[in-house]
Amino acid sequence: MSRAAKRFFYGAFYCALLALVVVSIIPEREVSVVSRVPKGLRALETRGSVTVMTAADGSAAFLARVWNPNATHTASAFPYSFRIMRGGAVTTETPRREGFVYPVEETTLIETTFSSTFADDTEVVLAVGTPTWDAAEFSLRPVLALARARTSSDDIGAFVEGEVRNTGAVTAATVRIAAIIKDANGF
């Protein structure tokens, strides 16, 4: 490469680097964002208390239900987490997840944790954040139906096997299936 070409490329590189530094130093102007929350919407409701299911290995599963009382809007995204509390203080919180619930429907939220010990004064609470609301006027939704389900067990434990079919015209991007099995004693 000729000396003139090297000088040109190095000069261009240093000018770009200088421009990057200057742009990062100049303060950005604040842009005010007006949040539009549709009037008349009601908050998401938690249905019942959190169900805690513990296993012999010390792991636990938390199950909670959230209801959307609004007939015209979908809660397209809402943050949630489960808080493990002892004596009124939060001792542990699960990672924040994002939920979704259609108008006038209920969604089930499940989280599993490991190495959780639960004493008599332990309580698990669902914390739900502010949802993103979308008008449901023109939204279509998938129609999912349980095609078959079968439970079996062996020396290792219980197994659930099945198939869910989408009988609607809209693709279901993500489907979470929760299977809760109880033994003869209700555990």
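Of the 187 residues in the protein, 21% are buried. The structure is a predicted model, with an average pLDDT of 83 and a score of at least 70 for 88% of the residues. Confidence is not uniform along the chain: over residues 28-35 the pLDDT stays under 50, and for this stretch the model has zero contacts beyond four places in sequence. The exposed surface of the protein amounts to about 14200 Å², of which carbon and sulfur atoms supply 55%.

The secondary structure consists of one helix and ten strands. Read from the N terminus, the elements follow the order α-β-β-β-β-β-β-β-β-β-β, with the helix ahead of the strands. When contacts between residues at least 6 apart in sequence are considered, 63% of them join residues at least 24 apart.

Three of the strands form an open sheet in the order E1-E2-E6, with antiparallel pairing. Strand E1 (45-54) and strand E6 (106-113) each have a single partner strand and therefore stand at the edges, so that one side of each is left without a neighbour in the sheet. On average, neighbouring strands of this sheet are turned by 15° against each other, direction ignored. In general, the strands of a sheet pair through backbone hydrogen bonds, in either a parallel or an antiparallel manner. Here, strand E2 (residues 60-67) and E6 run antiparallel and are joined by eight bridges. Within this pairing, Trp67 has Glu106 of E6 as its bridge partner.

The loop between strand E5 (97-101) and E6 contains Val104. Although Val104 is not a glycine, its phi is positive, at about 50°. The relative accessible area of Val104 is 40%, so this residue is classed as partly exposed.

Strand E3 (residues 73-86) includes Thr74. With a relative accessible area of 6%, Thr74 falls under the 20% limit and is therefore buried. Leaving aside residues up to four places away in sequence, Thr74 touches Asn68, Phe100, Val101, Tyr102, Pro103, Thr132, Trp133, Asp134 and Ala136.

Four aromatic pairs are present in the structure. In one of them, the ring centres of Phe78 and Tyr80 lie 6.2 Å apart and the ring planes stand at 45°, so the pair is tilted. Phe78 has a relative accessible area of 0% and is buried; Tyr80, at 1%, is likewise buried. The rings of Tyr80 and Phe82 also form a pair, with centres 6.2 Å apart and planes at 85°, so this pair is edge-to-face. Phe82 is counted as buried because its relative accessibility is 0%. Phe78, Tyr80 and Phe82 belong, together with Phe62, to one aromatic cluster. Tyr80 thus takes part in a tilted pair with Phe78 and in an edge-to-face pair with Phe82.

Definitions and conventions:
Residues numbered from 1 in each chain as written. Predicted model: local features only at pLDDT ≥ 70, side-chain atom pairs only at ≥ 80, totals over all residues. Heavy atoms only, no water. Helix = DSSP H or I, 4+ residues; strand = E, 2+ residues; numbered from the N terminus. Buried < 20%, exposed > 50% of the residue type's maximum accessible area, 1.4 Å probe, protein only. Contact = heavy atoms within 4.5 Å. Areas by Shrake-Rupley, 256 points an atom, 1.4 Å probe, with all protein chains shown as cover. Pairing = 2+ DSSP bridges. Axes fitted to C-alpha atoms, helices over the stretch in contact; angles between N-to-C directions. pLDDT = per-residue confidence, 0-100. Phe/Tyr/Trp six-rings, centres within 6.5 Å; stacked < 30°, edge-to-face > 60°.
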